[in-house]
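Let's take a friendly walk through this structure, one spot at a time. Have the sequence and the 3D view ready.

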Amino acid sequence: MKKLTLEQKWDIIDKIVRKTVSYGIYQHTIKDAIGELAVKPLTGIPIAIAVLYGFWSLFTSISSFITDGFMVKIFDGYWLPWLQKNFPGKPGDWLYSLMVDVGHKENGILVNSDNCLEAFGVLTSGLFVSIGIVLPAIFVFYLIITILEDSGYLPRLAVLLDNIMHKIGLHGYAIIPTILGFGCNVPAVHATRILETKKQRILMMTLVSIFIPCGSQLSVMQNVIPEYTGVIVLYLLFGYFTFGYILNKIIPGKSPEMLIDIPELMVPSLRNVSKKLWIRMSSFLISGIPLVMLGSLLVGVLYLSGVIDFLGKLLEPIFTIWFGVPKETSAPLIAAFLRKDLAVAQLKGLADAGIIKNIYQMVSSVVLVSLYFPCLATFIMILKESGRDFIKIILALFVAVFIYGGLLHLIWILMGVG
Amino acid sequence: MRYKAYFFCLGIISMFLGLLSILAVVLGKDSNITIVEFTSDAFRGGWGGIILLSAGLFYVHGIKRLDDIHYRAEVFVGSGMIWIVGGCEILRMILMSIPGEEGWLNTPEGFVSSYLPPYHPSILLLPFSLVVWMMERYYEKRGCRDSQGHK
């Protein structure tokens, strides 16, 4: 093959350009002008506020439509009674308690639970949480994220937030794992791969797993303490930025600038959205759901073997003295390592029984559930994604929890309610 | 000129309704004025109110130079914000009307009663905000230039 000279190469390039490129004055469209408004802080922030409102509103409306409207009826009305009738054994038997229902005491007698959330079995609570609560929430979440991504808005949001995120050693694209974390921390940890350096990934994994409450946790919080959910989320977001700032100073490494091509604003194509949605959902079905089920199995084993009670008693002084919550909350807080949503529901039970005496203790307990450790599924994902940096992340987690949980207790003391 | 006056009025109303929504949250009191509902819910009332207020500001600022595409985009964004809040409210109403309290589906009476007033302010503003499409078609036909002189 004949080798071309530089001049010949340029001739070919010129010919191609003449055939393919047309010149003229670019006509600005209304879409371009709206796209520009979305990246300017003065106009972009109100737009972001509206888009996030739509995001959250769609997320809660559709997921509660599926879960409360249909899943609860299927699981509590048909699946649980069927299992209670047909599974060999009764509450108190090891296998039955582990797989179906631990039961609860009524007048000193152990009886079956009447809903899947309180049954604590792998086939009841485990299946209900993973398929009845988390799956619809994740489906809606990924659908909205994909639409925002394909419409060209998400890159604009990344540009808009780039300055703020740089203050904590990240860049605008860090908003993607952060938003994903509000759905489920597992894909959020996976999404930290879009960040370039090791430092950024460690930072992001730590912040997401501590300060971003997942969708199922938020929906239980919304159900148990609706009037304080907003305040708790704001407190956690404050922690996200404060600890991000501190960790950025401590963790060595680089935080490079972001250089991205902003696509045109456009109507997403159904084909692309469904393809992306399928890829994301199948990855969650393969990695997320088995982990939630495994979490149910482990919480059952630890609960039935008395390990959770033992750990609760062991860590009781830390919970009562440092964090200022009643000693009885230690068991749900330990169990939160495996199932945060159920831990919040258990705390509601303690409040109803008068053990958690006031709203301040309730808020502290719920904040601690969010903060103090990632759930098992996220824990395994961090282990997989971080490799040798796993220890650093866990260390950062412990330090953040101690400082931030203690700080909340201090606020209550200063207010005279602690 | 007629679009200027129209969106100025719509902007003022939107700001007013947004402020009332925020006020209901601050005072922690639900209230209805005729068929409009001002909820004390921090999300729908507070956050939604801030969006309506911002939409009004976009309208009032955007009408300054409607022959410039950048200003018209602001009016468009104002309408878009109302569509987001109003659209979510309508979807919420539809989704809440379908499942029943005990059975799978709602009773016919329950279904119909889900659509009765009072409504969130954004639902009332929504049909009026759609005029933005007519405005855009009108200015496109006139072939207005943008602030950089581009057609």
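## The second largest pocket

Start with what kind of residues line the second largest pocket of this predicted model: 25 are nonpolar, three are polar and one is charged. That lining has 29 residues in total, and the space inside comes to about 1100 Å³.

Want to find the middle of the pocket? Look for A:Val51, A:Leu148, A:Ser151, A:Tyr153 and B:Ile84, which lie nearest its centre. Both chains pitch in here: H2, H3 and helix H6 (122-151) of chain A, along with H3 of chain B, each supply at least two lining residues.

## Helix H2 of chain A

One of those contributors, H2 of chain A, covers residues 30-39. Its buried residues are A:Ile30, A:Asp32, A:Ala33, A:Gly35, A:Leu37 and A:Ala38.

So what covers them? From chain A, the cover includes helix H3 (41-86) and helix H7 (153-160). From chain B, it includes helix H3 (69-97) and helix H6 (131-142).

## A small enclosed space

Now for the cavities: two of them reach 30 Å³ or more. The second largest holds about 30 Å³ of space. Around it you'll find A:Phe323, A:Ser364, A:Val367, A:Leu368, A:Leu371, A:Gly405, A:Leu408 and A:His409.

Which helix gives the most to this lining? That would be H19 of chain A, with four residues. Helix H19 spans 359-371, and helix H21 (390-414) of chain A also supplies at least two lining residues. Sorted by class, the cavity lining has five nonpolar residues, three polar ones and no charged ones.

## A:Asn185 and its neighbours

Next stop is A:Asn185, in helix H10 (residues 185-191) of chain A. Is A:Asn185 buried or exposed? With a relative accessible area of 8%, A:Asn185 is under the 20% cut-off, so it counts as buried.

The side chain of A:Asn185 has polar company. One of its polar atoms lies 2.9 Å from the backbone oxygen of A:Gly181. The backbone oxygen of A:Ile212 is 3.3 Å from a polar atom of that side chain. Leaving aside residues up to four places away in sequence, A:Asn185 touches A:Val208, A:Ser209, A:Ile212, A:Cys214 and A:Thr378.

## Aromatic pairs

How many aromatic pairs turn up over all chains? A search of the whole structure finds 31. In one of them, the ring centres of A:Tyr240 and A:Phe241 are 5.0 Å apart and the planes meet at 80°, so the pair is edge-to-face. The two partners differ in how they are covered: A:Tyr240 is buried, at 1% relative accessible area, while A:Phe241 is partly exposed, at 34% relative accessibility.

Another edge-to-face pair is made by A:Phe379 and A:Phe390, with 5.3 Å from centre to centre and 80° between the planes. A:Phe379 belongs to helix H20 (residues 376-386) of chain A and A:Phe390 to helix H21 of chain A, so this pair ties together parts that are eleven residues apart in sequence. A:Phe379 and A:Phe390 are both buried.

Finally, have a look at A:Phe55, A:Trp56, A:Phe59, A:Phe141 and A:Tyr142, which ring pairs link into a cluster.

Conventions:
Residues are numbered from 1 along each chain as its sequence is written. Chains are lettered from A and ligands numbered from 1 in the order in which they are written. This is a predicted model: local features need pLDDT of at least 70, side-chain atom pairs count only at pLDDT 80 or more; totals for chains, interfaces and linings use all residues. Side-chain values use heavy atoms; hydrogens and water are left out. On a 1 Å grid over the protein atoms alone, a cavity is a set of points where a 1.4 Å probe fits but cannot get out, and a pocket is an open set with protein on both sides within 12 Å along at least five of seven lines; lining residues have an atom within 4 Å of a point. Grid points are joined across faces, edges and corners, and a volume is the space filled by probe spheres set on the points. Ala, Val, Leu, Ile, Met, Phe, Trp, Tyr, Cys and Pro count as nonpolar, Asp, Glu, Lys and Arg as charged, and the others, Gly among them, as polar. Buried means under 20% relative accessible area, exposed over 50%, partly exposed in between (1.4 Å probe, protein chains only). Contact means heavy atoms within 4.5 Å. A polar contact is a pair of N or O atoms within 3.5 Å; within protein, one must be able to donate a hydrogen and the other to accept it, and residues adjacent in sequence count only if both atoms are side-chain atoms. Rings of Phe, Tyr and Trp (its six-membered ring) pair if their centres lie within 6.5 Å; planes under 30 degrees apart count as stacked, over 60 as edge-to-face and the rest as tilted.
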